[in-house]
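New to this one? Take a look at the sequence and the 3D view first, then come back for a quick tour.

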Amino acid sequence: MPGVDIASNLIRVRERIAAAIERRGPGPAVTLIGVSKRQPVTALRDAVAAGLADLGENYAQELHAKQDAPELAGLPVRWHFIGALQSNKARLVVGHALIHTIDRASLVTAIATRARALGAVQDVLVEVNLGGEAQKAGVDRAALPALLDLIAAQDGALRCRGLMLIPPVDEPERSRPYFAALRELAARGAGGRPHVELGELSMGMSGDYEVAIAEGATMVRVGTAIFGARPL
């Protein structure tokens, strides 16, 4: 983006992540995902050139278009899908990105069907709605075990690697209890389910990723702190 020094922003974010890890003490490694929603491919190219390895997109068609962009051809990018996914758009995402936003049975079925057609194993995270917000995506805490059971029943077409959260508040300290609650859910384990592991915790964004790291985040999703304001 014009006027945005992406390389310098990345240095600052990485320094803050390193400081948060030091304050936390021993614990999991943290993957920085650059949220590139609506950012031009030139900005993504600059971020990857500056050493960013992971990019996250919110829209299936935008992910598909950027993966095909000549400007990004051959670059070492790991893609993440972090937005709400419609079942009929699964074909654009399955086999192309780690999906962070599994939250309902119909989506599990659609993704597993597409994965089988590709002969692939699709890695996913389950999004949990810990705030009980009807207007937001995510499976309710009480319904999480049944959704994990369904993922386990897909004969290996899906592999659940962990949980994802968008807290209902955007203030770091007010978000902390939700981050801690997600960590506790994961710590209860996968219950012996095949193809279900809960080692990854995708939580924390530009305003609160340091608190998320303190509470056990293994993936943080940072957009504006890297790329600047999102284009309209």
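What follows is a short briefing, starting with the whole chain and then moving to single residues.

Keep in mind that this is a predicted model. The protein chain has 9 helices and 9 strands, and half of its residues, 50% of 232, are buried. Salt bridges number 16, and several of them get a closer look below.

**The whole chain**

- A compact globule of 232 residues would have a radius of gyration near 17 Å, and the protein chain agrees with that because its own value is 17 Å.
- Along the principal axes, the C-alpha atoms of the protein chain fill a box of roughly 50 × 40 × 30 Å.
- Take the contacts between residues at least 6 apart in sequence: 63% of those in the protein chain join residues at least 24 apart.
- About 10,300 Å² of the protein chain is exposed, and carbon and sulfur atoms supply 53% of that area.
- On the charge side, the protein chain carries 26 positive and 25 negative side chains, and the centres of these two sets are 2 Å apart.

**Salt bridges between strands, and a buried pair**

- Arg78 pairs up with Asp54 in a salt bridge whose closest N and O atoms are 2.7 Å apart.
- Arg78 belongs to strand β3 (residues 78–81) and Asp54 to strand β2 (residues 54–57), so this pair ties together parts that are 24 residues apart in sequence.
- Asp54 has a relative accessibility of 4%, so Asp54 counts as buried, the cut-off being under 20%.
- Lys66 and Glu57 form another salt bridge, with 2.8 Å between the closest N and O atoms.
- Both partners of that bridge are tucked away: Lys66 is buried at a relative accessible area of 5%, and Glu57 is buried at 0%.

**A link to helix α7, and a network**

- Glu215 and Arg183 meet through their side chains in a salt bridge of 2.4 Å, N to O.
- Glu215 sits in the loop between α8 and β9 (219–222) while Arg183 sits in helix α7, so the pair ties together parts that are 32 residues apart in sequence.
- Buried or partly exposed? Glu215 counts as buried, at 12% relative accessibility, whereas Arg183 is partly exposed, with a relative accessible area of 31%.
- Asp123, Arg159, Arg161 and Glu200 are joined into one network by salt bridges that share partners.

**A buried charge without a partner**

- Where is Asp208 found? Look in the loop between β8 (196–202) and α8 (209–214).
- Asp208 is buried but has no salt bridge. The nearest side chain of opposite charge belongs to Arg221, and that is 7.2 Å away. A salt bridge needs the nitrogen and oxygen within 4 Å.
- Setting aside residues up to four places away in sequence, Asp208 touches Pro167, Pro172, Ser175 and Phe179.

**Val169 and its surroundings**

- Val169 lies in the loop between β7 (158–164) and α7 (172–187).
- With a relative accessible area of 16%, Val169 is buried.
- Not counting neighbours within four places in sequence, Val169 is in contact with Arg174, Ser175 and Tyr178. Ser175 also turns up on the list of residues that Asp208 touches.
- Gly131 is 38 residues from Val169 in sequence, and their C-alpha atoms are 8.9 Å apart in space.

**Two residues with positive phi**

- Here is some background: most residues other than glycine have a negative phi.
- Arg38 has a positive phi, near 65°, and is not a glycine. You'll find Arg38 in the loop between β1 (31–35) and α2 (41–49), where Arg38 is partly exposed at a relative accessible area of 41%.
- His195 has a positive phi too, near 65°. His195 is in the loop between α7 and β8, and a relative accessible area of 38% makes His195 partly exposed.

Note on methods:
Residues are numbered from 1 along each chain as its sequence is written. This is a predicted model: local features need pLDDT of at least 70, side-chain atom pairs count only at pLDDT 80 or more; totals for chains, interfaces and linings use all residues. Side-chain values use heavy atoms; hydrogens and water are left out. Helices (H or I, at least four residues) and strands (E, at least two) are DSSP runs, numbered from the N terminus. The radius of gyration is taken over C-alpha atoms; the globule rule is 2.2 Å times the number of residues to the power 0.38. Buried means under 20% relative accessible area, exposed over 50%, partly exposed in between (1.4 Å probe, protein chains only). Contact means heavy atoms within 4.5 Å. Accessible areas come from the Shrake-Rupley method with a 1.4 Å probe; for residues, only the protein chains shown count as cover. Lys and Arg count as positive and Asp and Glu as negative; His and the chain ends are not counted. The place of a charge is taken as NZ of Lys, CZ of Arg, CG of Asp or CD of Glu.
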